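Can we walk through a structure together, one feature at a time? I'd like to learn how to read each one.

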Amino acid sequence: MTKTLLLGQTLGFCGNPLTGDWTEAVSYDSAGGVLIDGGRIVATGNGAALQSAHPDAVVTDYGAGLITAGFVDAHMHYPQTGIIASWGKQLIDWLNTYTFPEESRFGDAAYAAEVAGRTLDLALAHGTTTLTSFCTIHPASVDAFFEAAAARNMAVVAGKTCMDRNAPDSLRDTAKSAYDDSKTLLEKWHGSGRATYAITPRFSPTSTPDQLAALGALWAENPDCLMQTHLSEQLPEIAWVQELFPDARDYLDTYEAFGLLGARGLYGHAIHLEPREIARLAELGAAVVHCPTSNTFIGSGLFDLMGLAKASVSVGLATDTGGGSSFSMLRTMAAAYEIGQLRGVALHPAQLMWLATEGSAEALKMGGQIGHLGAGAMADITVLDLQSTPAIAQRAARATDLWDALFPTIMMGDDRAIKDVWVAGAQRQA
Ligand SMILES: [Zn+2]
């Protein structure tokens, strides 16, 4: 197979810059190279040295472009692509007004296929090479997403969203059908190509205890699947959970009691956590997913990133589209920075880039495989243009180092900053 060598500035990580000294977690080369063979990265290092060691490699030279791992979005809803940026509601009203009517359309396989393809193409255009998506209650919506991802050879995580109460009739399944449909879908898709199945109760208010128990049993029978849901996003939601589950110690306990808490669990939002919840998440190695544009857009609150990182909770980063207001992980990093500032913490660009790549991959238990610019990882790669608009270029022109050059793109960049994308060693756009 033909070897490919990408030349440019290279940025990768060899440690976690949230929990340690960020300077020791970074691998940066101003004249770096990434050697790809068979869809994987086989070497990184000095570009000229790699070129002379591998004269047969086909070279793409990005000049001053910044080569990084492709972005990994650890929580989003592809069926909500068409309703992104809908005005004026908080969580429960937002679901009832915008989300549920749109999700009702996904029993139509052709519509689901069209939106799935559109969403994945938008993701790639924004430099995101892995999406972790909720689908709808319709099995056709799951097939459509995995088929569209397979056609693009993208590593994705997804599952059938399960709801058997507090949702419109057209969007309710049952405990039994949720179990049966999820089982059929995970047997079909989990481990097929680059697909990973996630058992997906939307959140505890829309599942009866019977449904949560059925999904907990399914996870116990298929422990290598992931499990994704929502946790403690808004205060009225938490009060509602307390009403629905009067015996639960806290929100997390409504999952824990039914076998839905574990290391391969992904808990979106996790803003208003109790000390017991934080301790249990850390103890079990479960991951929470920070969705900053969604948190500000829907008015949910200020995620405690550094507090959770210090408590050894695994944290991924996500757009949460369409509750989130951008498909861009650059804009998502910017929102994480802004929320950090409101909590008195200025996140370093190295920490933001790590969250959008390695942090999300670790949350998905795919560390070293995706979101990683190093030998052995799949060659899912994004190349950033650090001067993509006149406003960014005039700021970057006075930069004194990589971080000073990169930060304006994090704060002001969008899909125009994506110079190129590689998926499993194949170039997506020129
Ligand atoms: Zn969500």
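What follows is a short dialogue on a metal site, a buried serine and a few strands.

Q: Before we start, what kind of model is this?
A: A predicted one, so keep in mind that everything below is computed from that prediction.

Q: Which residues are the protein donors of the zinc ion?
A: For a metal site, begin with the donor atoms. Here they are NE2 of H75, H77 and H230 plus an OD oxygen of D320, at 2.1 to 2.4 Å from the zinc ion. Along the sequence the spacing reads H-x1-H-x152-H-x89-D. Take H230 and D320: they sit 90 residues apart, H230 in strand 10 and D320 in the loop between strand 13 and helix 13, so this pair links distant parts of the chain.

Q: What is the geometry of the zinc ion's site?
A: Ideal angles for four tetrahedral donors are 109.5 degrees. In this model the angles among the 4 donor atoms run from 89 to 167 degrees, and the site is irregular.

Q: Is H230 buried or exposed, and how do I tell?
A: Look at relative accessibility, with buried meaning under 20%. H230 counts as buried because its value is 6%. D320 is buried too, since its relative accessible area is 5%.

Q: Where does S360 lie, and what does it touch?
A: S360 lies in helix 14, residues 349–363. Because its relative accessibility is 0%, S360 counts as buried. Leaving out residues up to four places away in sequence, S360 touches V72, A74, V315, G316, L317 and L355. The S360 side chain also reaches the backbone nitrogen of L317, at 2.9 Å.

Q: How do I read the start of a helix, say helix 16?
A: Check for a side chain that caps the end. D401 does that at the N-terminal end of helix 16, with a side-chain oxygen 3.1 Å from the backbone nitrogen of W403. Within helix 16, the buried residues include W403, L406 and I410. In an α-helix, residues three or four places apart point the same way, because there are 3.6 residues a turn.

Q: Which strands does strand 15 pair with?
A: Follow the bridges. Strand 14 and strand 15 run antiparallel and are joined by 4 bridges, with L384 partnered by I418. Strand 15 and strand 16 are antiparallel as well, joined by 2 bridges, and W422 has Q427 as its partner. Their hairpin has 2 residues between the strands, and A424 takes a positive phi near 50 degrees. Strand 15 is mostly covered, with 5 of its 6 residues buried.

Definitions and conventions
Residues numbered from 1 in each chain as written. Predicted model: local features only at pLDDT ≥ 70, side-chain atom pairs only at ≥ 80, totals over all residues. Heavy atoms only, no water. Buried < 20%, exposed > 50% of the residue type's maximum accessible area, 1.4 Å probe, protein only. Contact = heavy atoms within 4.5 Å. Polar contact = N/O pair within 3.5 Å; in protein donor to acceptor, adjacent residues only side chain to side chain. Donors = N, O, S within 2.8 Å, 3.2 Å for Na, K, Ca; no water. Tetrahedral: all angles 85-135°; square planar, octahedral: opposite > 155°, others 65-115°. Pairing = 2+ DSSP bridges.
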